[in-house]
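User: I would like to learn how to read a structure like this one, feature by feature. Could you take me through it?

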Amino acid sequence: MFKLENVTYKDVLDIPELSISAGAITCIIGKSGSGKTTLVKLLNGLISPTEGTIYVENEDIKEMSMVQLRRRVSMLQQSPSIYEGTLRENLQIGRFFSELEPASDDEILDVLEVVNLDKDLDQDASKLSGGEKQRLTLARMLLLPADVLILDEPTASLDEESAHTIMSRVLQHCIDENKSVIMITHADEIVKSFAEHLIELKDGKVSRDERVEPTWTQK
Ligand SMILES: Nc1ncnc2c1ncn2[C@@H]1O[C@H](COP(=O)(O)OP(=O)(O)O)[C@@H](O)[C@H]1O
Ligand SMILES: [Mg+2]
């Protein structure tokens, strides 16, 4: 799905070679400042490499329009953005930015169930707790039709127990919808449970790149 060749980004990242295949759950780990967010921003075109080439399904990312790329790759940013307005508006805004028709109420209720958020859609989103806001932004992302979802620390505002519950539901949903997932996480428990491909960054370089066996079994 993604292939990197001789990619550098300023003096932050240096990756001679890296492949991420479709259909697997990839976890990216590493200390704070090791370059994880920079790597995923390169994958979704938010920034461009200083040198080297990134391929998405054999197509050079440079040759793709933003619209083409967004249809394939969506990203949940590290600090979830909540906009002024209701839950419903916050869920629809992702589709609006992607120039898609609004989601139906059925689709909305479906993704809210996945993230375990049982709230009135007309409620003001600013009143939600940190964990609820994070689940709301996950639900927003699940309403996008992209083939690849990139999640930058999606459970940072959740306690360990709900992190596991929410992620198993979100990942099951992604598997059912044939979406690939690339997830940055600090939580060992999440990595052990879900990772099939583990990439570790150290000072901007890949220090580990291996297939691993998750303890979680899909339905
Ligand atoms: N646009 C940029 N230009 C230069 N340096 C950057 C840029 N963005 C991030 N950095 C630096 O790159 C390093 C890696 O940052 P980041 O990718 O956010 O790490 P992580 O997500 O692993 O914590 C940090 O030292 C950060 O200060
Ligand atoms: Mg980061």
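Analyst: What follows is a short tour of a predicted model, taking the ligand, the sheet, a helix and a single lysine in turn.

User: Let us begin with the ligand: which residues surround ligand 1?

Analyst: The shell around ligand 1 consists of Lys10, Val12, Gly30, Ser32, Gly33, Ser34, Gly35, Lys36, Thr37 and Thr38. By class, this shell divides into 1 nonpolar, 7 polar and 2 charged residues, where glycine is counted among the polar ones.

User: How should I read the sheet, and in what order do its strands lie?

Analyst: One reads across the sheet from strand to strand, and here 6 strands form an open sheet with mixed pairing, in the order β6-β7-β8-β3-β9-β10. Strands β6 (73–76) and β10 (205–211) stand at the edges with a single partner each, so one side of each has no neighbour in the sheet. From one strand to the next, the twist averages 15°.

User: How many bridges join β9 to β10?

Analyst: Strand β9, residues 197–202, is joined to β10 by 6 bridges, and the two run antiparallel. Within this pair, lysine 202 stands opposite lysine 205 of β10.

User: Turning to helices, why do residues three or four places apart point the same way?

Analyst: An α-helix has 3.6 residues a turn, so residues at that spacing point the same way. In helix α3, which covers residues 87–97, Leu87, Asn90 and Leu91 are buried. Viewed down the axis of α3, the buried residues fall within an arc of 100°, and they therefore line one face of the helix. On the other side of α3, Phe96 and Phe97 are exposed.

User: What do the buried residues of α3 pack against, and where does the positive phi of glutamate 99 occur?

Analyst: The buried residues of α3 pack against α4 (105–114) and α5 (130–142). Glutamate 99, with a positive phi of about 55°, comes just after α3.

User: Finally, how would I describe one residue in its surroundings, for example lysine 133 in helix α5?

Analyst: One can begin with a count of neighbours: lysine 133 has 19 C-beta neighbours inside 10 Å and therefore counts as partly exposed, since a buried residue needs 20 or more. Leaving aside neighbours within four places in sequence, lysine 133 is in contact with Pro80, Ile82 and Leu128. As for leucine 117, which is 16 residues from lysine 133 along the chain, the C-alpha atoms of the two are separated by 9.6 Å.

Definitions and conventions
Residues numbered from 1 in each chain as written. Chains lettered and ligands numbered in written order. Predicted model: local features only at pLDDT ≥ 70, side-chain atom pairs only at ≥ 80, totals over all residues. Near = placed C-beta within 6 Å. Pairing = 2+ DSSP bridges. Helix = DSSP H or I, 4+ residues; strand = E, 2+ residues; numbered from the N terminus. Axes fitted to C-alpha atoms, helices over the stretch in contact; angles between N-to-C directions. Buried ≥ 20, exposed ≤ 12 C-beta atoms within 10 Å, placed from the backbone. Arc of directions from axis to C-beta. Contact = placed C-beta atoms within 7 Å.
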